[in-house]
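User: Please explain the terms used to describe this fold. I should like each label set against its definition.

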Amino acid sequence: MKTLKIGILGLGTVGGGTYTILTKNKEIIEKRTGCDVQVARILDRFQKPDVPEYLYTEDPDDVLTSKDIDLVIETLGGIEPACSFMVQAMKHGKHVVTANKAAVAANYELLTKTAKENNVKFLYEASVGGGIPVLTAMQNALQGNNFLEVMGIVNGTTNYILTKMTEDGADYGEVLKDAQAKGFAEADPTADVEGIDVANKLSILIALAFDQYIPPTEIPTTGISAITKADIDAAAAEGCKLKLIAHATLNPDGTVKASVAPEKIANTHPLAGVSNEFNAVYITGDMVDEVMFYGKGAGALPTGSAIVGDIISVAKSL
């Protein structure tokens, strides 16, 4: 039986969830891949009691350049040093799997080019929609389509806030504090509430759907911090709900129109029923017509599930 040795960069929420799945579901992973998938090294300065001490290192080269590592999971977050680490790993012949939407969106062309040049796989299903397998579907089951439009609710924090404002009639500030208390929002929620996180994810969706790279900084982006109860009520009066939507449309001339902004979504539209911290991506293809992917867009195990799915894909290809 072949062995796939894995190095994990960062054992925080997502990295920890991934480790849990790889260990708890080791038997089913082995059965489905015909490969012994082993965690061989973990880069993290903080050790967890349920993880063997001998796996830990504080030297990135123990993961990035070691001949004992076949695949690197990047779950550090942020753009740097995550991007540089991923590039270095691929240049040393290692496959890379990541959930890092900021790094992928900011360096999409560099990362995909580096993977191709070094004949390794670079997979990032978990970077959009957590456990929702939308990127894999676009690159496999739906790849016979010309994609015409992509719409998505891809940030659980903002969707939770807008849901509570709609259902409870609460003000933005009040709901934000509640979301922070429940762990749905960060202490500094700027990246979420101002749409930055959504723009990163939309950049990745556009690259796959339309084969065009638009940096997230070039996508017109408006968040939800200025939304008032009056805005919610006005939308309701029109039979709509306000949702923060990642939206990209293919123009007749082949260019792509993209935006991140609160939109009025008719109550009859499938996206209107996506509530609280759940995510959904709604895609229109010229052959398949309209399809929607729905599920948990964040969290240790849902996001870890997507990462492990990518690892299994690599293992099957060995």
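Analyst: The following exchange takes the overall dimensions, the two sheets and the helix contacts in turn.

This is a predicted model, in which local features need pLDDT of at least 70, side-chain atom pairs count only at pLDDT 80 or more, and totals for chains, interfaces and linings use all residues. Residues are numbered from 1 along each chain as its sequence is written, and side-chain values use heavy atoms, with hydrogens and water left out.

User: How many helices and strands does the chain have, and what makes a run count as one?

Analyst: The chain has 13 helices and 11 strands. Each is a DSSP run, numbered from the N terminus: H or I over at least four residues for a helix, E over at least two for a strand.

User: How do you know whether the radius of gyration agrees with that of a compact globule?

Analyst: The radius is taken over C-alpha atoms, and the globule rule is 2.2 Å times the number of residues to the power 0.38. For 318 residues a compact globule would have a value near 20 Å; the chain has 20 Å, so the two agree. The C-alpha trace spans about 60 × 45 × 35 Å along its principal axes.

User: What makes S8 and S9 a pair, and in which sense do they run?

Analyst: Two strands pair if DSSP finds at least two bridges between them. S8 (residues 240-250) and S9 (residues 256-266) have 11 bridges, in the antiparallel sense. Threonine 249 stands opposite lysine 257 of S9. The two strands form a hairpin with 5 residues between them, and glycine 254 in the turn has a positive phi of about 90°.

User: What is the order of the sheet that holds S8 and S9, and which are its edge strands?

Analyst: The order is S9-S8-S7-S10-S11, an open sheet of 5 strands with antiparallel pairing. S9 and S11 (289-296) are the edge strands, since each pairs on one side only. The twist averages 20° from one strand to the next. S7 (residues 147-153) joins S8 over 4 bridges, with methionine 151 partnered by histidine 247.

User: Which strands form the parallel sheet, and what packs on it?

Analyst: That open sheet has 6 strands in the order S3-S2-S1-S4-S5-S6. Its edge strands are S3 (56-57) and S6 (122-123). S1 (residues 2-9) and S4 (residues 71-74) pair over 4 bridges, and leucine 9 stands opposite glutamate 74. Helix H1 (residues 13-24) packs on this sheet, touching S1, S2 (35-43) and S4, where touching means heavy atoms within 4.5 Å.

User: Why are H8 and H9 called oblique?

Analyst: Their axes, lines fitted to C-alpha atoms over the stretch in contact, cross at roughly 130°, on a scale from 0 to 180 degrees between N-to-C directions. Angles under 35 degrees count as roughly parallel, over 145 as roughly antiparallel, 65 to 115 as roughly perpendicular and the rest as oblique. H8 and H9 are therefore oblique. H8 (residues 156-168) and H9 (residues 172-181) come within 9 Å.

User: What is the handedness of this crossing, and which residues of H8 meet H9?

Analyst: The crossing is right-handed: the near helix is turned clockwise from the far one by less than a right angle, whereas anticlockwise would be left-handed. Tyr160, Ile161, Lys164 and Met165 of H8 meet residues of H9, including Tyr172 and Val175. The contact has 7 nonpolar, no polar and 2 charged residues; Ala, Val, Leu, Ile, Met, Phe, Trp, Tyr, Cys and Pro count as nonpolar, Asp, Glu, Lys and Arg as charged, and the others, Gly among them, as polar.
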